[in-house]
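Open the model in your viewer and switch to a cartoon display. Keep side chains ready to toggle. The stops below take you through it piece by piece.

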Amino acid sequence: MNGLLKQAMSLSLVEKCVAAVVGILLIHATFRVLEQTLPRRFGRANSRYRVRKFIVFSGYITILLFLALLFEDHLGRLSFAIGIIGAGVAVALQDVLASIAGAFTIGFSKLYMAGDRIQIGDTRGDVIDIGLLRTTMMETGNWVSKDKYNGRIVRVPNSAVLKGPIFNYSQGFQFVWDEIKVVLTTGSDCELATNMLTRVATEVIGDYLAEAQISWKAVSDYYETVNPSLEPAITLVVNGGKLEFGVSYIVDYTKRSAVEDQLFRKIVQEVGNSNGKLVWAATLAVAVPAATLSATAPQPSSATEGATKAATSN
């Protein structure tokens, strides 16, 4: 080993540059093979991902150590030039450096991890990879409803975490509050509707209500928070001569569409079995008499009438 170091130290600068290129290619090829083969030995997907990221990170460290050992005798003399070049590179590649800083922020601050559902700006989805420069996400929403994948893979620069808020659906309390609107006629039985909506919502979310309470307790132990009620809440607003009920409930952030579907199916069934006590509100088209339309139509001006008569006489 010492003989190889002495031999490397005796090379000229040009020879060291050539050796650096060859060494980087060999190191890259070696770690590339490890990245493709070693993770396959692990059964779980998250284990394979972590092993692959560890191999990639180790490859970067190996290249830096190789270059530091190879150019050790030149580092002192090149320090001033490296400083000048580094300043220029920092200005020219400020976005790249900001993304690298963002990657370290993500890692050390644990803003999110692979598998988390997050929102950065207007982009929401599940994190499938965190690179040195970009975070790759499988997007949800947009032209499809709520928590469903739309098929697009989005790559967001890591520098975005330094410029705005990051919404994480997976850390801490892994549930969100959602709400649906149920609109009935004013002749519907208000008390019956309230009781029915409360019962239906409790039946649908009852399977994971206890889990949500445990999850919220873990959050309240870590943060200074109040303890809100996790039970379904029913509100009523009279809007446009209709009874507009709001059903608020907690739901697993990955099951918003499925739970909404269950709620509406049960509510439709309950309204149908209410013997006319609950009636859906319908939007009615109001017929406007023809006389009213004639009276409100704009009348031609005297100048327009004169021009029309002149054209007719000609």
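Which residue in the turn of the β1 and β2 hairpin has a positive phi? Select Gly121: its phi is about 65°. Two residues lie between the strands of this hairpin. Keep in mind throughout that this is a predicted model.

**Stop 1: the hairpins**

Select residues 117-120, strand β1, together with β2. The two run antiparallel, joined by four bridges. For one of the pairings, pick Arg117: its bridge partner in β2 is Asp126.

Now colour β2, residues 123-130, by accessibility. Six of its eight residues are buried, so the strand is mostly covered under the 20% cut-off.

Stay on Asp126 and look towards β3, where its bridge partner is Met138. Strand β3 covers residues 134-140. It pairs with β2 in the antiparallel sense, over five bridges. These two strands also form a hairpin, with three residues between them.

**Stop 2: the five-stranded sheet**

Extend the selection to the whole open sheet. The strand order is β4-β3-β2-β1-β5, and the pairing is antiparallel. At the edges sit β4 (149-157) and β5 (166-168), each pairing on one side only. Neighbouring strands are turned by 40° against each other on average, direction ignored.

Move to the β4 edge. Six bridges join β3 to β4, and the two run antiparallel. Select Arg134 here; opposite Arg134, in β4, stands Pro157.

**Stop 3: the three-stranded sheet**

Next, select β6, β8 and β7. They make an open sheet in the order β6-β8-β7, with antiparallel pairing. Its edge strands are β6 and β7 (233-239), each of which pairs on one side only. The twist from one strand to the next averages 25°.

Zoom in on β7 and β8. Seven bridges join these antiparallel strands. Val238 is a good place to click: its bridge partner in β8 is Leu243.

Now add the helices. Helix α6 packs on the sheet and touches β6, β7 and β8. The direction of α6 makes about 15° with that of β8. Helix α7 packs on the sheet too, touching β6 and β8. The direction of α7 makes about 25° with that of β6.

**Stop 4: helix α7**

Isolate residues 256-272. Helix α7 has 17 residues and reaches 24 Å from its first C-alpha to its last, close to the 24 Å expected at 1.5 Å a residue.

Which residues of α7 are buried? Show Ser257, Val259, Leu263, Ile267 and Val271 as sticks. They cover an arc of only 160° around the axis, which puts them on the same side of α7. An α-helix has 3.6 residues a turn, so residues three or four places apart point the same way.

Bring the neighbours back. The buried residues of α7 pack against β6 (175-185), α6 (190-222) and β8 (242-252). Then rotate to the face turned away from the buried side. That face carries the exposed residues Arg265, Gln269 and Gly272.

**Stop 5: salt bridges**

Show the charged side chains. How many salt bridges does the structure hold? There are seven. Side chains of opposite charge can pair when their charged atoms come close. Three pairs are worth a visit.

Start on α7, with Arg265 and Asp261. Their closest N and O atoms are 2.9 Å apart. Both residues lie in α7, four residues apart, about one turn of the helix. Arg265 is exposed, with a relative accessible area of 59%. Asp261 is partly exposed, at 36%.

Go next to Asp178 and Arg256, a salt bridge whose closest N and O atoms are 3.1 Å apart. This pair links distant parts of the chain: Asp178 belongs to strand β6 and Arg256 to helix α7, 78 residues apart. Is Asp178 buried or exposed? Asp178 is buried, with a relative accessible area of 9%. Arg256 counts as partly exposed, at 22% relative accessibility.

Finish with Lys181 and Glu179. The closest N and O atoms of this salt bridge are 3.6 Å apart. Lys181 is partly exposed, with a relative accessible area of 43%. Glu179 counts as partly exposed as well, at 38%.

How values were computed. Residues numbered from 1 in each chain as written. Predicted model: local features only at pLDDT ≥ 70, side-chain atom pairs only at ≥ 80, totals over all residues. Heavy atoms only, no water. Expected span 1.5 Å × (residues − 1). Buried < 20%, exposed > 50% of the residue type's maximum accessible area, 1.4 Å probe, protein only. Arc of directions from axis to C-beta. Contact = heavy atoms within 4.5 Å. Pairing = 2+ DSSP bridges. Axes fitted to C-alpha atoms, helices over the stretch in contact; angles between N-to-C directions. Salt bridge = Lys/Arg side-chain N within 4 Å of Asp/Glu carboxyl O.
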